[in-house]
Amino acid sequence: MTSSDWANPYGVRKPYGSNGANHGDGGEKGATLSADHPLVPWKQPDHVHQWVDVDHSREELDRFVRNWPDLGELLDANVGHGRVVIVSGPPGMGKTTLIHRCLYEVQQRVAATGPSAGDPLAVFVPTAGLENDGRRISVDPDGSFAPTRLINARIRSEITKKLLLHEFSESRVRAITAEEDPYQAYGEMSDLLVQRNALLFAVIPHIRWNDAHLRAAFLRTCLSHAHTRIVLFVEVSHGAAETAREVAAALSGSAAVTHLALRELNSEDIWRFSRSARAANGAPNGLVEPDRSSLMAAHDEWKPSDVRELRKVFHSAADALRRAPHPWPIDADALRPHWERRRAGRDALLRHPILPRSGG
């Protein structure tokens, strides 16, 4: 007998189906499961139970909650500005998931306001989709990098499309879209949000700027667009040669900016991921609790490059154990062939890189 009667505990239920439909509370059968998808608890409620404290994310989330302004301050036109939340860190470290978790916390606060605040409407806009793929707004159809003005126009277009879905005044939204001055357009958007007693939370993806100066200029642009009742969450990836402090240097000193910085994985993260992900989905009969020291020791041998690799290797190992003839722990021995296969694939790519196609 095999243990194939349980679902992979490391699979993430996608918050949309093949036809784009939301799966509600996550309990419907047939929902698509993924080995690697950002957790989107404000859209898919069961995702909150799969959220794992790895890569210092709990520390940064707590700081976000602790420093986040009172809802009344966000609604007060006299404050004179909105907010920018920068989430920075190396690629693949869970920045998009942290942004979505922050949105979930905001959603809970807005829902708990009660009638005294006039039940403000919270509008969430992932301008590059729930997976926050920056290529959707920064790359032209021919594969070239889009000019900054077009990138900003695409972001604004995604926002105004969502406002129309929430039945904002069509004529006023169309006027915002037609406005050529971005600063003026966001000012008019702010006025419209005040009129509808609404708050806008827009997610801006990581964009691969040619240099840090262009990125800094874009961040300053985001800050100028954050008028009253507008909150922009901006994802920024950076390599090992750069620090989180350097990323936000252009905006340092602004009371309207919150900076959350993810770092790198450590041995404790592997153990936390193993336990938390399994606990969230329920420990199936086909898995046995692994030895903590075994998993922590695996870090030195494995050295996972990021959270994305962590998710995929655990998912692959759990899938293999579904066919095991007896219960088996996901320990270092179970994980090893899966991380070695990924490592071999990376090494092969380094030896024989995929070269860009020649023009023509």
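**Exercise 1. Find which strand pairs with β6, and in what sense.**

Step 1. β5 and β6 pair in the parallel sense, with five bridges between them. Two strands pair if DSSP finds at least two bridges between them. Strands (E, at least two residues) and helices (H or I, at least four) are DSSP runs, numbered from the N terminus.

Step 2. One residue match fixes the register: V203 has F233 in β6 as its bridge partner.

Step 3. Strand β4 (residues 121–126) also pairs with β5 in the parallel sense, over six bridges. Here V125 has A202 in β5 as its bridge partner.

A note on the model: it is predicted, so local features need pLDDT of at least 70, side-chain atom pairs count only at pLDDT 80 or more, and totals for chains, interfaces and linings use all residues. Residues are numbered from 1 along each chain as its sequence is written, and side-chain values use heavy atoms, with hydrogens and water left out.

**Exercise 2. Decide whether the residues of β5 are buried or exposed.**

Step 1. Buried means under 20% relative accessible area, exposed over 50%, and partly exposed in between (1.4 Å probe, protein chains only).

Step 2. Strand β5 covers residues 198–204, and seven of its seven residues are buried.

Step 3. Sort them by direction. A198, L200, A202 and I204 point one way, L199, F201 and V203 point the other way, and all are buried.

Step 4. Apply the cut-off to two cysteines. C102 counts as buried because its relative accessibility is 0%. C222, at a relative accessible area of 3%, is buried too.

**Exercise 3. Describe the largest pocket and its lining.**

Step 1. Start with the terms. On a 1 Å grid over the protein atoms alone, a cavity is a set of points where a 1.4 Å probe fits but cannot get out; a pocket is an open set with protein on both sides within 12 Å along at least five of seven lines; lining residues have an atom within 4 Å of a point. Grid points are joined across faces, edges and corners, and a volume is the space filled by probe spheres set on the points.

Step 2. The largest pocket has a volume of about 850 Å³. Its lining has 31 residues, of which N132, H206, R208, E235 and R308 are the closest to the centre.

Step 3. Name the contributors. α3 (95–111), α4 (135–138), α8 (212–225), β6 (230–237) and α12 (307–321) each give at least two residues to this lining, and α3 gives the most, with three.

Step 4. Sort by class. Ala, Val, Leu, Ile, Met, Phe, Trp, Tyr, Cys and Pro count as nonpolar, Asp, Glu, Lys and Arg as charged, and the others, Gly among them, as polar. The pocket lining has eight nonpolar, eleven polar and twelve charged residues.

**Exercise 4. State how many cavities of 30 Å³ or more the structure holds, and describe the largest.**

Step 1. There are four cavities of 30 Å³ or more.

Step 2. The largest cavity has a volume of about 220 Å³. Among its 21 lining residues, L39, Q50, V52, F273 and R311 are the closest to its centre.

Step 3. α3, α10 (267–281) and α12 each supply at least two of the lining residues. The largest share, three residues, comes from α10.

Step 4. By class, this lining has 14 nonpolar, five polar and two charged residues.
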